[in-house]
Structures are given as structure tokens and as C-alpha cells.
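Hi,

Here is the structure I said I would pass on. Have a look at it first, and then read my notes underneath.

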Amino acid sequence: TSFTEMTLAATPFRPAGPPILVGGNSPAALARVAHLGDGWLGADLEPAPAGEAVAQIRELCANLGRDPDRLVLSARRRIEPSRLGQPGPTAPFGMSAEQWVQEIGEYAEVGINLMVFDLLMLPDMIEAMNWLFSEVIDKVAASEASV
């Protein structure tokens, strides 16, 4: 598609334009990632099924002669207070910080290289963001440094 009489002040960071991340978990969506995308936006998958999708994308890429290591492989993870039924001061957002770190590690182990956190427009979103960065992300960074 082309447009006339339009301008865009910002230019793409890379000559080919912005990366195209393809969303969806269906076989057709995974095939689009392998054929056309610069990455995958996986949604609402636990680590094991996310790993199965990553394996499918990698296999499809290999069959097409594409390097799957060049893809962004992401998982969107909702943060919500009642996810595991552990409300309280030690698990204000469904799981403790240590449980979140463990789960993020599980995503990394199955090939996810970008986590997208959805705060679901929580009424305490700013508190959730502060908690995520001060309690979870710092621990993830520390665990990566120790590996």
C-alpha cells in the first residue's frame, strides 16, 4: 500500500524499516513469523507451550533457510493480583518476586528473548511498575550476572 500527501518526520532506525513482529499462536501465525517476520509476539502462553511455539518457528525457519537466531521471540505475560491466588504482602501481584524471576528464567530456557509485561490497567499500575522494576527486574539481572 502506498500513501500520498503524507509525511513522517522520524526515519527508521534500520534501512529496511522497523522490524515486523508477527502476533498469534496459531500454526498459520507461526508460519508467517518464519516466512515474513522479524520476530514473534506470543501471547498468553505459559513457558512450556511458548517453547513448543519457538521450536516450531525455529524448524520452519530452518526449512526456509532463515536464521532463527536473528528473530525476536517474545512472550506477553499478564501481571494481575490474583493469578495464583496468593494475595498478600509477599505476593502483591499474583506471585512473589522470586517466583516471577523463576518463571522469566523458564521462558528464557525455552528460547524467549523478550518479555512483554501487561499490567492490565491495574488501578495500582504505578505501584505495579515500581514493584516489577525494583523487585523482579533487579533480581533477573542479578541472576543473569551469576550465570
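What share of the 147 residues in the chain is buried? The figure is 31%. Please keep in mind that this is a predicted model.

Layout first. The chain has four helices and four strands, and from the N terminus on they come in the order β-α-β-α-β-α-β-α. As for contacts between residues at least 6 apart in sequence, 58% of them join residues at least 24 apart.

Now the strands, one pairing at a time. β1 (residues 21-23) runs parallel to β2 (residues 39-43), and three bridges join the two. One bridge to look up is Gly-23, whose partner in β2 is Leu-41. If you trace the path from β1 through α1 into β2, you get a right-handed β-α-β unit.

β2 also runs parallel to β3, this time with five bridges joining them. Across that pairing, Gly-39 sits opposite Val-72 of β3, and Trp-40 sits opposite Leu-73. There is a right-handed β-α-β unit here too, made by β2, α2 and β3.

β3 then pairs with β4 (residues 114-118), again in the parallel sense and over five bridges. Ser-74 is a handy marker for this one, as it stands opposite Leu-114 in β4.

On to the helices, starting with α1. Its buried residues are Ala-29, Leu-30, Val-33 and Ala-34. Looking down the axis of α1, you find those buried residues within an arc of 140°, so they line one face of the helix. What do they pack against? The buried residues of α1 pack against β1, β2 and α2. Over on the other side of α1, Pro-27 and Leu-36 are exposed.

I also spent some time on α3. Its 13 residues should span 18 Å at 1.5 Å a residue, and the C-alpha atoms at its ends are indeed 18 Å apart, so the two values agree. Which of its residues are buried? For α3 the list is Ala-97, Trp-100, Val-101, Glu-103, Ile-104 and Tyr-107. Seen down the axis of α3, they fall within an arc of 165°, so these residues also line one face of their helix. Gln-102 and Glu-109 are exposed, and they are carried on the face of α3 turned away from the buried side. Just after the helix, have a look at Gly-111, which follows α3 and has a positive phi, near 110°.

Last, the core. In soluble globular proteins, nonpolar side chains tend to be buried together. The largest nonpolar core in this model has 29 residues. Trp-40, Ile-57, Ile-112 and Val-136 are the ones with the most contacts inside it. Which elements give two or more residues to this core? They are α1 (27-36), α2 (47-64), β3 (72-78), α3 (97-109) and α4 (125-145).

If you only have a few minutes, I would start at Trp-40: it is among the residues with the most contacts inside the largest core, and it stands opposite Leu-73 in β3. After that, turn to α3 and compare its buried face with Gln-102 and Glu-109 on the face turned away.

Cheers

How values were computed
Residues numbered from 1 in each chain as written. Predicted model: local features only at pLDDT ≥ 70, side-chain atom pairs only at ≥ 80, totals over all residues. Heavy atoms only, no water. Core = buried A, V, L, I, M, F, W, Y, C linked by side-chain atoms within 4.5 Å. Buried < 20%, exposed > 50% of the residue type's maximum accessible area, 1.4 Å probe, protein only. Pairing = 2+ DSSP bridges. Right-handed = clockwise from strand over helix to strand, strands pointing away. Expected span 1.5 Å × (residues − 1). Arc of directions from axis to C-beta. Contact = heavy atoms within 4.5 Å.
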